[in-house]
Amino acid sequence: MPPSNTSEQIVEALAAEGVEYVFGIPGDENLHFMEALRKDGRIKFVLFRHEQAAGFAAAAYGRLTGKLAVAMSTLGAGAMNLTTPVAHAYLAAMPMLVITGQKAVRDNRMGQYQLVDVVDVMRPITKFAAKIPSGQMAGSLLRQAMMAALGGRQGPAHLELPDDVARETELGPLVPCRFGDIPVATQDSIEAAAKLIQNASRPLIMVGGGTRANRPAVAAAVRELIAKTQIPFVATMMGKGVADEDDPNYLGCSILPGDYPNCAIQSADVVLNIGHDVMEKPTMFMQPDDGRTVIHLNPFAAQGDNSYFPQAQVVGEMADALRRLTAQLAPNPAWDHDGFRNLGKAMQDSIKRSAADTSFPAKQGCLIATLREFMADEDILSLDNGIHMMWATRNFNARQPNTMLIDHALGSMGISLPAAIAAKLVHPERKVVVLTGDGGFAMNSQDLETAVRLGLDLIVVVFNDSSLAMIALKQMVDGYQRYGVDFANPDFVAYAHSYGATGHRLDDPAKFRAILDQAAAAGGVHIIDAPVDPQQNLALMMEMRSVDCQKVLAGGGSNRGSETRLLGVLDRLTGRGRGRVVLLPGPPSGHLHSEREAQEGPNGDDAGQSGDTLRVGFEGNGLDDVTGHQKLQADQDGAPELYPKLSVGLAGIARCSAQEQHDSAHGADDDHRDAQAVDRHAHADNGFDEAHCRHIISAPRLFPASDRRFRARRFSETTNPPPRSRVASSSWLVLFGRAGPRSTSVSWGPSTTGMPGGCSESSPTPGSPADRTHCCYWNTGPSTPRAGAPNRTNVP
């Protein structure tokens, strides 16, 4: 039976073009359209609990399939709620069709109630936006909207359907959509690009994530190019999985300018930029005189700006262009990729280091590694926006296209759960996992009910740190006080149960894999509340900002990972909520630079309670403070070994601090026994038991309101370690560490600069390697020692 009104004709046309889903929320003004959907039966309507979530689901469907889903809402507030996902789809080039209701155009009896010019609002963020003025125009405008959404650089299109027009019976003709092929690249551009790559010294491939780059044919062509040429490659966040990131040529995901992959981008003389869309946050910044030649390979010409202005372009259908380019290239013995491979190894070593820590609160790197082990190559990880996104894109190697859903164009929070719902509808046979922060999860968590109602199998992992961790970190980096970023979360386990889902609380990171397996086996919707350590975020940011590119390119390795583990411990020692950490500007040279600024509290109390600032950056040739009061010179060869021991040493001091309180309560007679306990930790595996120390260091009892005393050890690799020495002042925190596989001893006493306390080191045994133990310290309170406290020089 032919359609009898405008609503039925639109549904007929949508079904004929292969539309499977309408996601949305009905209202008064689209009830007629809803009835047409019900009567036709070929298109499934999925009720969401918020229009924003419905729009995000439609955009994700478009990315995954290259086809249209419809996001539907009523007028006014409902339509406005769709603007965020529409803008997301526009920037990220994801096809979707938006249909919004409107009051009757000829017989409006509601005045200005809910009246917003939705078409004008949508026009700047869509490829096509129009009001359907009559039933006779409906077919034509629908065709224009669908062709705009699916043609060229894909994106959203919008139609407004007034209530009275939806009921009209005078209809125009329906003409099927016909799409022309994307033009192929010219042979001249292919040959010019091949010549630039073949004659380069250090060519590099950067794989971007435009929607078309994630299509299977393009991904296959990219992999053929890499396999034949063995040119190393990096991926952008939205390009993850286009190439196999377990390939030895993979150098990492380009996220921040100072990280390992961006060292390769800076060092390359020719960069083949495949599929990158400038709407994605820039991952490289070109300069006219930086010596790099960038080749833009994309279906669409580059939209040049002051950060991206490629010198050569291959514009045309991507799979065809890549196959033709690959045919003209061969591995060149003159290519120098040794440095790039050093960067790739350093990147993977960094990932492995962060995965190794199984202590509680859970470390993000450990959880990401467990997720990678749990998920098959074709399974889908849906990310929200926040610091967890940086952890995942950096540490989770994607192996197939469209297996990591991410918004790095609009940067929307609240996107991960709706996108995962769409992914599970498209790929019911695959595992789909949501990874979100607690901030983003709260923005669309109501659609847990949607997933439960649909009978989907979803696992939602919530990184719980009760804060907007990314913003808190940026406040820290920019030197601001922490403000307006902390909140209280609900009981996520009970919250899951209230929607008919299953909740789990992760109290031991070692159990994470078992919980994942249990959730997958049971089916249904599962929420895993995973408390995470926010101090790891500082470590991640410092490493990503501060890699010594030249050192790593030359094969010298990097001490960044061990240094940044130290930074996380330092920040924790300031007392959570009582101090702050500020990154000092300066050229990264591969060494740690720090200053502790002590400020008096509001009541004249210990500065450690309220006003402390710990400034950390990377300068100089050792561990020192900016005022020059104390300085630690580290041998270049020993630096990689030094910093892990410093990190362990700090944890050890925190343990000694707790023991100091025990000594005060039980007397000095316990001192020898306590020293033996500390020594057992000090000599286990040539260092402290890090998991144990980190557990202790997070205990509130280590941060008393006043009278903090820190005790330190000197260490030597002997079977009978010397007795422990003591810092009697309440205001000094001692750091110590070891360079090289063995160390001798360290002594310390009054500073020659007049500051209480000092730092020195002993000489190695003649004929032995130049191994040294180092120490340094920060003032954590008053700059004078406690009355009557001893100052000892070279304490045995």
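The following exchange between a biologist and a modeller describes the structure shown above.

Biologist: How many helices and strands does the secondary structure of the chain come to?

Modeller: This is a predicted model, in which local features need pLDDT of at least 70, side-chain atom pairs count only at pLDDT 80 or more, and totals for chains, interfaces and linings use all residues. Residues are numbered from 1 along each chain as its sequence is written, and side-chain values use heavy atoms, with hydrogens and water left out. Helices (H or I, at least four residues) and strands (E, at least two) are DSSP runs, numbered from the N terminus. The secondary structure of the chain comes to 27 helices and 29 strands.

Biologist: What share of the 796 residues counts as buried?

Modeller: A residue is buried under 20% relative accessible area, exposed over 50%, and partly exposed in between (1.4 Å probe, protein chains only). Of the 796 residues in the chain, the share that counts as buried is 60%.

Biologist: Which helix gives the most residues to the largest nonpolar core?

Modeller: A nonpolar core is a set of buried Ala, Val, Leu, Ile, Met, Phe, Trp, Tyr and Cys residues joined through side-chain atoms within 4.5 Å. The largest such core has 131 residues, of which Phe23, Met390 and Val461 touch the most other members. With 8 residues, the element that gives the most to this core is helix H3 (residues 51–65).

Biologist: Which residues does phenylalanine 23 touch?

Modeller: Contact means heavy atoms within 4.5 Å. Residues up to four places away in sequence are not counted here. Phenylalanine 23 then touches Val46, Phe48, Ala54, Ala57, Ala58, Tyr61, Ala69, Val70, Ala71, Met72 and Leu425.

Biologist: Is strand E7 enclosed or open, and why?

Modeller: On one side of E7 lie Pro203, Ile205 and Val207, and on the other Leu204 and Met206, all of them buried. Because 5 of the 5 residues of strand E7 (residues 203–207) are buried, this strand is largely enclosed by the rest of the structure.

Biologist: What are the bridge partners of methionine 206 in E10 and E8?

Modeller: Two strands pair if DSSP finds at least two bridges between them. E7 is joined by 5 bridges to strand E10 (residues 270–274) and by 3 bridges to strand E8 (residues 233–235), and both pairings run parallel. The partner of methionine 206 in E10 is asparagine 273, and the partner in E8 is valine 234.

Biologist: Which are the edge strands of the open sheet of 6 strands?

Modeller: Strands of a sheet pair through backbone hydrogen bonds, either parallel or antiparallel. In this open sheet the order is E14-E13-E15-E16-E18-E17, with parallel pairing. An edge strand here pairs on one side only, and the two that do so are strand E14 (404–405) and strand E17 (502–505).

Biologist: Which residue of E18 is the bridge partner of arginine 505?

Modeller: E17 and strand E18 (residues 525–531) run parallel and are joined by 4 bridges. Within E18, the bridge partner of arginine 505 is aspartate 529.

Biologist: Is leucine 516 buried or exposed?

Modeller: Leucine 516 lies in helix H21 (residues 512–522). Leucine 516 touches Thr370, Leu371, Phe374, Ile459, Val461 and Ile528, not counting residues up to four places away in sequence. With a relative accessible area of 0%, leucine 516 is buried.

Biologist: How many residues of H15 are buried?

Modeller: The buried residues of helix H15 (387–395) include Met389, Met390 and Trp391. H15 is mostly covered, and the number buried is 9 of its 9 residues.

Biologist: Which peptide bond is cis?

Modeller: Most residues other than glycine have a negative phi, and most peptide bonds are trans. Proline 361 is found in the loop between helix H13 (338–355) and helix H14 (364–374). With omega near 0°, the cis bond runs from phenylalanine 360 to proline 361.

Biologist: What is the phi of alanine 93?

Modeller: Alanine 93 is placed in the loop between helix H5 (83–92) and strand E4 (96–102). Alanine 93 is buried, with a relative accessible area of 5%. Although alanine 93 is not a glycine, its phi is positive, at about 60°.
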